[in-house]
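This report goes through one protein model, from the whole chain down to single residues. Please keep the sequence and the structure open while reading.

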Amino acid sequence: MLQTVAIEHIESFWPRWLGNSAPEQHGFFSSADLGASTLMTLPKKRGEVYLTVTNGPGYANAENDRFKDLAARVTLTPFANDSSLLRTLAISPWYSKGWLASAYTQAATTVSDGLQKDRRGIFIGLRDRKLTVGAEIDQRLEELETTAPPVARGAFNERTSQLMSVFALVRPAELFDAKKRSRFGFVGRYDRFKIDTDLAPYTEFLVAGGTWDLTARITLALDYQGSTPRANPVGVPVKTWFLHYVATF
């Protein structure tokens, strides 16, 4: 069981205890899966390369077809040896090439080819106690089957989904006074997910709140999280207030 191509890396910037990262939140893939991986570090702390081969369905589901997902992430840290805030800057393009078995593998008209299940994106992040920010643009490229067994592989519908996400965690007192250590901070995140780039409907997801360090190892957060459908007459908004806490050992 191993970490999938990008989510663990993104969660080194976005705190998972406040909620899933954007790709997992919007169904790109799970955070972990069964497979094999390798990690190669670049010279002089300039970054890393992460490669995986996984089953594809994720850790919550059993393997359901013979196809595997191949994925790669390259993370570049061009200022890793500097002393400024930019030393934590990470630029991470990634790609996952996958396939999904047809629902008609046992039908009279058998489809043996795998359906396209590709994901790709780029994440840029900066991580520091006083200021952590992240931004990403991701896409899902998929083939969808019709309700009737297709005569040939060409009888599929192609769909591209697009996700844009930005977030920030900031401690204002420390940001304006490097010598000061503050217990209080703000957190905010905005996602815009379009299930089909050829259609109008999309969903906005918002996180906004504050954090408070009870101790050096315990943090509380009071935050609002809301998902709002746009250009969708049947969509239902979901709005929730959370009191989160995390304790590290």
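The sections below cover the overall fold, the nonpolar core, the aromatic groups and three individual residues.

## Overall description

The model is predicted. Its protein chain contains three helices and 14 strands. Along the principal axes, the C-alpha atoms fill a box of roughly 70 × 50 × 30 Å.

Of the 249 residues in the protein chain, 41% are buried. The exposed surface of the chain comes to about 13600 Å², and 60% of this is supplied by carbon and sulfur atoms. Among contacts with a separation of 6 or more, 54% are between residues 24 or more positions apart.

## Nonpolar core

The largest nonpolar core is made up of 22 residues. V5, W14, F28, F29, W94 and F167 have the most contacts inside this core. Two or more core residues come from each of α1 (7-10), β6 (90-97), β10 (156-170), β11 (184-194) and β12 (202-213). Strand β10 gives the largest share, three residues.

V5 can be followed further through its contacts. Leaving aside neighbours within four places in sequence, V5 is in contact with F29 and W94, both of which are also listed among the residues with the most contacts inside the core. The other partners of V5 on this count are Y50, A71, A72 and R73.

## Aromatic rings and charges

How many aromatic pairs does the structure hold? There are seven. One aromatic cluster is formed by F13, W14, F123 and F167. Two members of this cluster, W14 and F167, also appear among the core residues with the most contacts.

Two arginines are placed over aromatic rings. R140 lies over the face of F28, 5.5 Å from the ring centre. The ring of Y202 has the charged end of R192 over it, at 3.9 Å from its centre.

## S165 in strand β10

S165 is located in strand β10, the strand that gives the largest share of the core. Is S165 buried or exposed? Its relative accessible area is 3%, and the limit for a buried residue is under 20%, so S165 counts as buried.

The side chain of S165 has a polar contact of 2.6 Å with the side chain of D191. Beyond four places in sequence, S165 is in contact with R189, Y190 and D191. Further contacts of S165 on this count are A22, G134, A135 and E136.

## Two loop residues

R217 lies in the loop between β12 and β13 (218-230). This residue has 49% relative accessibility; exposed requires over 50%, so R217 is classed as partly exposed. With neighbours within four places left aside, R217 is in contact with V246, A247, T248 and F249. R217 and L18 are 199 residues apart in sequence, and their C-alpha atoms are 16 Å apart in space.

F79 is found in the loop between β5 (69-76) and β6. At 31% relative accessibility, F79 is also partly exposed. Not counting residues up to four places away in sequence, F79 touches R46, L86, R87 and L89. Between F79 and A168, which are 89 residues apart along the chain, the C-alpha separation is 20 Å.

Terms used
Residues are numbered from 1 along each chain as its sequence is written. This is a predicted model: local features need pLDDT of at least 70, side-chain atom pairs count only at pLDDT 80 or more; totals for chains, interfaces and linings use all residues. Side-chain values use heavy atoms; hydrogens and water are left out. A nonpolar core is a set of buried Ala, Val, Leu, Ile, Met, Phe, Trp, Tyr and Cys residues joined through side-chain atoms within 4.5 Å. Buried means under 20% relative accessible area, exposed over 50%, partly exposed in between (1.4 Å probe, protein chains only). Helices (H or I, at least four residues) and strands (E, at least two) are DSSP runs, numbered from the N terminus. Contact means heavy atoms within 4.5 Å. Rings of Phe, Tyr and Trp (its six-membered ring) pair if their centres lie within 6.5 Å; planes under 30 degrees apart count as stacked, over 60 as edge-to-face and the rest as tilted. A charge sits over a ring if NZ of Lys or CZ of Arg is within 6 Å of the ring centre and within 35 degrees of the ring normal. A polar contact is a pair of N or O atoms within 3.5 Å; within protein, one must be able to donate a hydrogen and the other to accept it, and residues adjacent in sequence count only if both atoms are side-chain atoms. Accessible areas come from the Shrake-Rupley method with a 1.4 Å probe; for residues, only the protein chains shown count as cover.
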